[in-house]
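Open your viewer and have the selection box ready. We will go from stop to stop, picking residues and looking at what is there.

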Amino acid sequence: MLYVLLSAVFAIALTACGSGNEEDAADAEEQETNQEEKPQTDSSNAEFDALVSAMEEETEDTATLLFENNESQSHEMEGLTLTLDAYQLVELEDFHTNFSIPFEDQTDGGVILAQYTVKNDSDQDLHYMPTLDIDYVGATKYYSNYRDLIPLEEQLPTILSPDNEYLVEAGDEVTGYYAYPFGQKQLDDILAEGNVIVDVPAPTTEYNEYSSTIGSGTEFTLPLDDDSAEKSAETESQGFYQDRISAENMGDKEMIEQ
């Protein structure tokens with residue numbers, strides 16, 4: 001009788017251990033899956049880190065980095081060059097309701113932080129109004145800088161403003177940031193699209209005189225995930241201009257003359 005009882009206890013112990021091992025294995029597999037699905041949160045840009053920290057403090061929220069790109073894009077306009085130095089897309093969840101209006105009356109969403117440099121290589125003073133608005137397929141409006149997310153002194157529309165007549169003196173350059181807010185629905189839309197477009201205006205030789213515009217504006221394409229960035233790089237390597245046909249993958253292109 002004692003032998004039978006001990007055998008039964010031993011069998012129960014083995015079953016319990018086996019069940020525990022299976023549960024541990026299942027938990028480990030689930031953790032590994034969650035780790036693979038988790039977005040990349042490590043930033044490689046200390047300047048953006050400081051801005052994100054300021055934004056977290058301002059909105060009383062924690063930001064999650066979804067995508068970053070440190071590959072610059074430049075456009076020269078008869079002596080004045082605008083460069084998109086780098087940008088990041090971060091997600092915000094359940095932030096303070098005081099910030100719901102720029103996020104389409106939502107308390108979840110995302111922000112594109114972009115660093116721009118404006119350089120005047122000409123021998124004359126130029127005026128550059130940085131209306132660097134974002135557009136994308138399906139957008140119902142243009143998205144621009146929201147001044148209450150990051151420190152004012154860091155923002156390009158503060159550095160180049162009506163107070164100084166948007167002046168960029170000959171041989172000078174200025175660097176500043178834009179913070180573009182998107183509500184959760186709009187964030188989902190741009191992530192599904194994979195790209196957004198920044199409209200780049202041209203400079204003028206006279207303040208508030210659009211008849212004095214020189215050069216021509218352009219568009220910058222901002223991929224928002226690795227696949228879109230890879231497609232954009234392939235297009236650039238083929239020598240195509242990054243217009244909407246390329247950025248939004250509307251069809252195939254063939255180089256006839258360059």
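The tour below visits strands, charged pairs and a surface patch. Please keep in mind that this is a predicted model.

**Stop 1: strands β3, β4 and β8**

Select β4, residues 108-120. Is this strand mostly covered or mostly open? It is mostly covered, with eleven of its 13 residues buried. Now add β3, residues 80-93. β3 and β4 pair in the antiparallel sense, and 13 bridges link them. To find your place in this pairing, pick E93 and look across to D108 in β4, which stands opposite.

Next, bring in β8, residues 173-183. β8 is joined to β4 by eleven bridges, and the two strands run antiparallel. A handy marker here is K119, whose bridge partner in β8 is E173.

**Stop 2: the salt bridges**

Side chains of opposite charge can pair when their charged atoms come close. How many salt bridges does the structure hold? There are three, and we can visit each in turn.

Stay with K119 and show its side chain together with that of D121. The two meet in a salt bridge, at 3.9 Å from N to O. The cut-off for a salt bridge is 4 Å, so this pair is counted. D121 is exposed at 52% relative accessibility, while K119 is partly exposed, with a relative accessible area of 35%.

Now select K141 and E104. Their side chains form a salt bridge with an N to O distance of 2.9 Å. What does this pair tie together? K141 sits in the loop between β6 and α3, and E104 in the loop between β3 and β4, so the contact links parts that are 37 residues apart in sequence. K141 is partly exposed, with a relative accessible area of 37%. E104 is partly exposed as well, with a value of 27%.

For the remaining pair, go to helix α4, residues 184-193. Show the side chains of D189 and K185, which form a salt bridge with their closest N and O atoms 3.3 Å apart. Both residues lie in this helix, four residues apart, about one turn. K185 is exposed, with a relative accessible area of 51%, whereas D189 is partly exposed at 30%.

**Stop 3: the open sheet with β6, β9 and β10**

Move on to β6, β9 and β10. These three strands form an open sheet in the order β6-β9-β10, with antiparallel pairing. Which strands are at the edges? They are β6 (134-135) and β10 (218-223), each of which pairs on one side only. Color β9, residues 195-200, and follow the six bridges that join β9 to β10. As a landmark, click D199: its bridge partner in β10 is E219.

**Stop 4: a negative patch**

Finally, switch to a surface view and select E57, E58, E60 and D148. Together these residues form a negative surface patch. To see where one member comes from, return to the ribbon and find helix α2, residues 46-59, which contains E57. Is E57 buried or exposed? E57 has a relative accessible area of 67%; the threshold for exposed is over 50%, so E57 counts as exposed.

Technical notes
Residues are numbered from 1 along each chain as its sequence is written. This is a predicted model: local features need pLDDT of at least 70, side-chain atom pairs count only at pLDDT 80 or more; totals for chains, interfaces and linings use all residues. Side-chain values use heavy atoms; hydrogens and water are left out. Patches are made of residues with over 30% relative accessible area and no salt bridge: like charges are joined within 9 Å, nonpolar side chains (Val, Leu, Ile, Met, Phe, Trp, Tyr) within 5 Å. Accessible areas come from the Shrake-Rupley method with a 1.4 Å probe; for residues, only the protein chains shown count as cover. Lys and Arg count as positive and Asp and Glu as negative; His and the chain ends are not counted. The place of a charge is taken as NZ of Lys, CZ of Arg, CG of Asp or CD of Glu. Buried means under 20% relative accessible area, exposed over 50%, partly exposed in between (1.4 Å probe, protein chains only). Two strands pair if DSSP finds at least two bridges between them.
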